[in-house]
Amino acid sequence: MRQRGILLVNLGSPASTSVTDVRRYLSEFLMDPYVIDSPWLVRKIVVSGFILPFRPKRSAQAYERIWEPTGSPLLRHSEAFRSALAQRVSIPVELAMRYGKPTISSGVTSLIAAGVDELLLIPMYPHHADSTRTTSIEAVEREISRQNPRVDVITLPPFYNEPRYIDALEHSITTSAPPDSQLLLFSYHGLPERHITKADPTGNHCLKSADCCARASPAHATCYRHQVLETSRAVATRLGLTSNQWRVSFQSRLGRLPWLQPYTDQLLQTLPGEGITRLTVVCPAFVADNLETLEEIGITGREQFLEAGGETLTLVPCLNDDARWVDVVAGWCNSDLATRVAHGS
């Protein structure tokens with residue numbers, strides 16, 4: 001009988017808020033060809049010459065605003081989830097970060113040492129993007145090939161429209177949003193438009209028309225924009241929201257290339273002028289709270305909204321280690337993960 005184990009992979013965070021540690025983290029992250037998809041020399045010039053001399057200090061200050069006595073909130077929430085999941089399944093569970101620690105290498109090493117020869121890989125990203133899922137999957141596969149090629153890897157597909165995931169999101173919003181909220185804003189981590197078109201296997205669908213995400217296409221299997229819109233529609237439907245009670249926007253853009261729009265920071269500054277002064281924001285691209293949720297939306301975004309005339313901005317916490325979310329993933333692991341993958345669902 002095969003011995004299974006679970007590897008949870010999230011993006012990662014710096015080891016501390018020191019500029020040195022933040023610079024090291026950003027260098028590893030931004031030099032990933034799936035993040036900045038330019039030739040190595042161009043990427044090196046951009047990262048070393050234009051980003052690392054300036055951004056680490058600003059990012060370190062942002063991390064300081066959310067850092068906890070125990071360290072990174074992302075790492076704390078991810079470890080709490082791992083611990084809770086381990087209590088719900090009967091096989092080993094390890095946590096790894098694509099960048100930073102705990103490393104993918106250490107996670108794979110621990111599982112192999114436990115006798116695992118079939119690894120259930122769970123990228124903790126609901127939607128497909130090469131800069132999150134693909135790079136994490138390939139990093140795990142490289143490490144398996146290096147340590148023990150006989151170990152089989154089964155990877156959980158994107159779960160953006162999985163009913164149980166939608167259930168968990170609905171519950172988190174219902175328990176967090178104040179009753180007088182005027183608008184629910186789904187804010188997703190942005191992507192350069194080039195990433196969307198590059199991932200389009202048809203080469204002629206994504207971003208070619210205003211309704212491309214609404215028209216059926218094989219491109220949707222790898223289209224981040226389509227998948228986040230599907231998540232938003234599913235949750236809005238569950239909540240019984242009308243079309244003027246919810247919107248979608250994209251945050252965290254970097255550089256001057258066109259990214260998916262509308263931009264969250266700009267929307268936060270214009271909504272009060274439209275009469276929206278009581279706002280609820282949820283960030284379903286993330287399953288654990290981190291810099292982009294706690295600081296970018298919860299602190300800076302709230303400041304922008306209030307300065308523009310808003311009254312309240314409520315940030316819905318990520319799923320983190322919520323018991324319902326743990327139950328969802330435990331159900332996938334205990335019963336039908338292999339079947340879901342085999343049928344491409």
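Leaving aside its neighbours within four places in sequence, which residues is T222 in contact with? Select T222 to begin: its partners outside that window are H128, A199, P201 and Q227, where contact means heavy atoms within 4.5 Å.

The model is predicted, so to read it note that local features need pLDDT of at least 70, side-chain atom pairs count only at pLDDT 80 or more, and totals for chains, interfaces and linings use all residues. Residues are numbered from 1 along each chain as its sequence is written, and side-chain values use heavy atoms, with hydrogens and water left out.

**Stop 1: T222 and H128**

Stay on T222, in the loop between α8 and α9. Helices (H or I, at least four residues) and strands (E, at least two) are DSSP runs, numbered from the N terminus. Now add H128 to the selection: its C-alpha atom is 5.6 Å from that of T222, although 94 residues separate the two along the chain. T222 is partly exposed, at 25% relative accessibility. On this scale, buried means under 20% relative accessible area, exposed means over 50%, and partly exposed lies in between (1.4 Å probe, protein chains only).

**Stop 2: L207, in the same loop**

Move to L207, also in the loop between α8 (193-198) and α9 (224-239). L207 is not a glycine, yet its phi is positive, at about 65°. Most residues other than glycine have a negative phi, and most peptide bonds are trans. L207 has 31% relative accessibility and therefore counts as partly exposed.

**Stop 3: N320**

Next select N320, in the loop between β8 (312-315) and α12 (323-342). Its phi is positive too, near 50°, and N320 is a residue other than glycine. Is N320 buried or exposed? N320 counts as buried because its relative accessibility is 9%.

**Stop 4: two cis peptide bonds**

Select K101 and P102, which are joined by a cis peptide bond with omega of about 0°. P102 sits in the loop between β2 (93-97) and α5 (104-113). Then go to Q261 and P262, where another cis peptide bond has omega of about 5°. P262 belongs to the loop between β6 (246-251) and α10 (264-270).

**Stop 5: helices α3 and α11**

Show residues 55-66 (α3) and 291-307 (α11), whose axes are 9 Å apart and make an angle of about 90°. Axes are lines fitted to C-alpha atoms, for helices over the stretch in contact, and angles run from 0 to 180 degrees between N-to-C directions. The angle makes α3 roughly perpendicular to α11, a label for angles of 65 to 115 degrees; under 35 counts as roughly parallel, over 145 as roughly antiparallel and the rest as oblique. On the α3 side, colour A62, Y63, R65 and I66; they meet L291, L294, E295, I299, T300 and E303 of α11.

Within this group, pick R65 and E303, which form a salt bridge with their closest N and O atoms 2.9 Å apart. R65 is in α3 and E303 in α11, so the pair ties together parts 238 residues apart in sequence. A salt bridge is a side-chain nitrogen of Lys or Arg within 4 Å of a carboxyl oxygen of Asp or Glu. R65 is partly exposed at 41% relative accessibility, and E303 is partly exposed at 37%.

**Stop 6: further salt bridges**

How many salt bridges does a search of the whole structure find? The search finds 22. One of them joins the side chains of E170 and R238 (3.6 Å, N to O). E170 lies in helix α7 (residues 163-176) and R238 in helix α9, so parts 68 residues apart in sequence are tied together. E170 has a relative accessible area of 22% and is partly exposed; R238, at 36%, is partly exposed.

Then select R278 and D180, whose side chains meet in a salt bridge (3.6 Å, N to O). R278 is in strand β7 (residues 278-282) and D180 in the loop between α7 and β5 (183-189), so this pair ties together parts 98 residues apart in sequence. To close this stop, select R2, R4, D117, E118 and D152, which salt bridges with shared partners join into one network.

**Stop 7: a nonpolar patch**

Finally, show the surface of W40, L41, V42, I45, V46 and F50, which make a nonpolar patch of about 620 Å². Patches are made of residues with over 30% relative accessible area and no salt bridge; like charges are joined within 9 Å, nonpolar side chains (Val, Leu, Ile, Met, Phe, Trp, Tyr) within 5 Å. Accessible areas come from the Shrake-Rupley method with a 1.4 Å probe; for residues, only the protein chains shown count as cover. I45 lies in helix α2 (residues 40-51) and is partly exposed, at 46% relative accessibility.
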